[in-house]
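Grab the model and work through these exercises at your own pace. Try each task before you peek at the solution.

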Amino acid sequence: MKTSGELFNATSLEDWLAQGRWPGSLAVSATCGCDVTRLGEEICDYLNAREGSDGELLMSFDREDIRRLAGEPSLRRKILSAVAEPENFSASGSDYECMIRSVASLGGAILAGQCCLDATRGMPNVFRVMVSSCGRCPKDDPSMRLDPARFTTESLVEVIAASFANWCRRQPSATDQPLSPGKETTTSRVSLSPVAS
């Protein structure tokens, strides 16, 4: 589990940037006051424990992590130097949004928060999940929409993690095809609402 400031210790971010990559990133958000504050970290921990191999670990980023990446020049440079075409993201809005899109483009990132879901719209290497307990939330056309009332926290983490891992297995590797931020992807849209027992 990531502790406060762990992302920015001497080696954690650099190690993540230097390792092999998952072919995609996950953006997850909750609406309607759903309390899934730690959902991104829990999905990351779950996948790293079960799927992590060959030095390809995921890293979770919450709103504070992204804010720090956008605001500290040395961290910002590290991210932008790892991105294949950083100029594609610099014109995409604020520095904050640029960092979200840049981190997501790298693959192997779990991005949590509505701003992450919004900023990654149209990115072909991002699996986008909205956790919402009402039908009145803005229709964002995410890859998956889940009603948290139908799941325990553990099963919600497992469903999102398994769906993301399966989606990543179907993606071309980064060496097969370059990712461009404006290209749409064709993924099946899933809306899960299992019947409570």
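**Exercise 1: a pair on the surface scale**

Glu 72 has a relative accessible area of 28%, so it counts as partly exposed (buried is under 20% relative accessible area, exposed over 50% and partly exposed in between, with a 1.4 Å probe and protein chains only). Before going on, note that this is a predicted model, where local features need pLDDT of at least 70 and side-chain atom pairs count only at pLDDT 80 or more, while totals for chains, interfaces and linings use all residues. Residues are numbered from 1 along each chain as its sequence is written, and side-chain values use heavy atoms, with hydrogens and water left out.

Task: find what the side chain of Glu 72 meets in a salt bridge.

Solution.
- Step 1: the partner is Arg 68, with 2.4 Å from N to O (a salt bridge needs a side-chain nitrogen of Lys or Arg within 4 Å of a carboxyl oxygen of Asp or Glu).
- Step 2: check the partner's accessibility; Arg 68 comes out at 35%, which is partly exposed.

**Exercise 2: the other salt bridges**

Task: which residue forms a salt bridge with Asp 95, and how many salt bridges are there by this rule?

Solution.
- Step 1: Asp 95 pairs with Arg 76, and their closest N and O atoms are 3.5 Å apart.
- Step 2: place the two ends. Asp 95 sits in helix 6 (residues 95-106) and Arg 76 in helix 4 (residues 73-82), so the pair ties together parts 19 residues apart in sequence (helices are DSSP runs of H or I with at least four residues, strands are E runs of at least two, and both are numbered from the N terminus).
- Step 3: compare burial. Asp 95 is partly exposed at 46%, whereas Arg 76 is buried at 18%.
- Step 4: look further along. Arg 121 bridges to Asp 118, with the closest N and O atoms 3.4 Å apart, and a network of salt bridges links Arg 38, Glu 41 and Glu 42.
- Step 5: the count comes to seven salt bridges.

**Exercise 3: two helices in contact**

Task: at what angle do helix 3 and helix 4 pack?

Solution.
- Step 1: the angle is about 95 degrees, and the axes are 5 Å apart (axes are lines fitted to C-alpha atoms, for helices over the stretch in contact, with angles running from 0 to 180 degrees between N-to-C directions).
- Step 2: that makes helix 3 roughly perpendicular to helix 4 (65 to 115 degrees; under 35 is roughly parallel, over 145 roughly antiparallel and the rest oblique).
- Step 3: list who meets whom. Helix 3 brings Arg 68, Leu 69, Ala 70 and Gly 71, and helix 4 brings Pro 73, Leu 75, Arg 76 and Ile 79 (contact means heavy atoms within 4.5 Å).

**Exercise 4: the nonpolar cores**

Task: which residues of the largest nonpolar core touch the most other members?

Solution.
- Step 1: they are Trp 16, Phe 61, Ile 66, Leu 69 and Val 103, out of 26 residues (a nonpolar core is a set of buried Ala, Val, Leu, Ile, Met, Phe, Trp, Tyr and Cys residues joined through side-chain atoms within 4.5 Å).
- Step 2: the largest share of this core, six residues, comes from helix 6.
- Step 3: another core, of 24 residues, lies apart from it, and its members include Cys 44, Met 144, Ala 165 and Trp 167.

**Exercise 5: the whole chain**

Task: how many helices and strands are there in the protein?

Solution.
- Step 1: the protein has eight helices and six strands.
- Step 2: along the sequence they follow the pattern α-β-α-β-α-α-α-α-β-α-β-β-α-β.
- Step 3: of the 197 residues, 45% count as buried.
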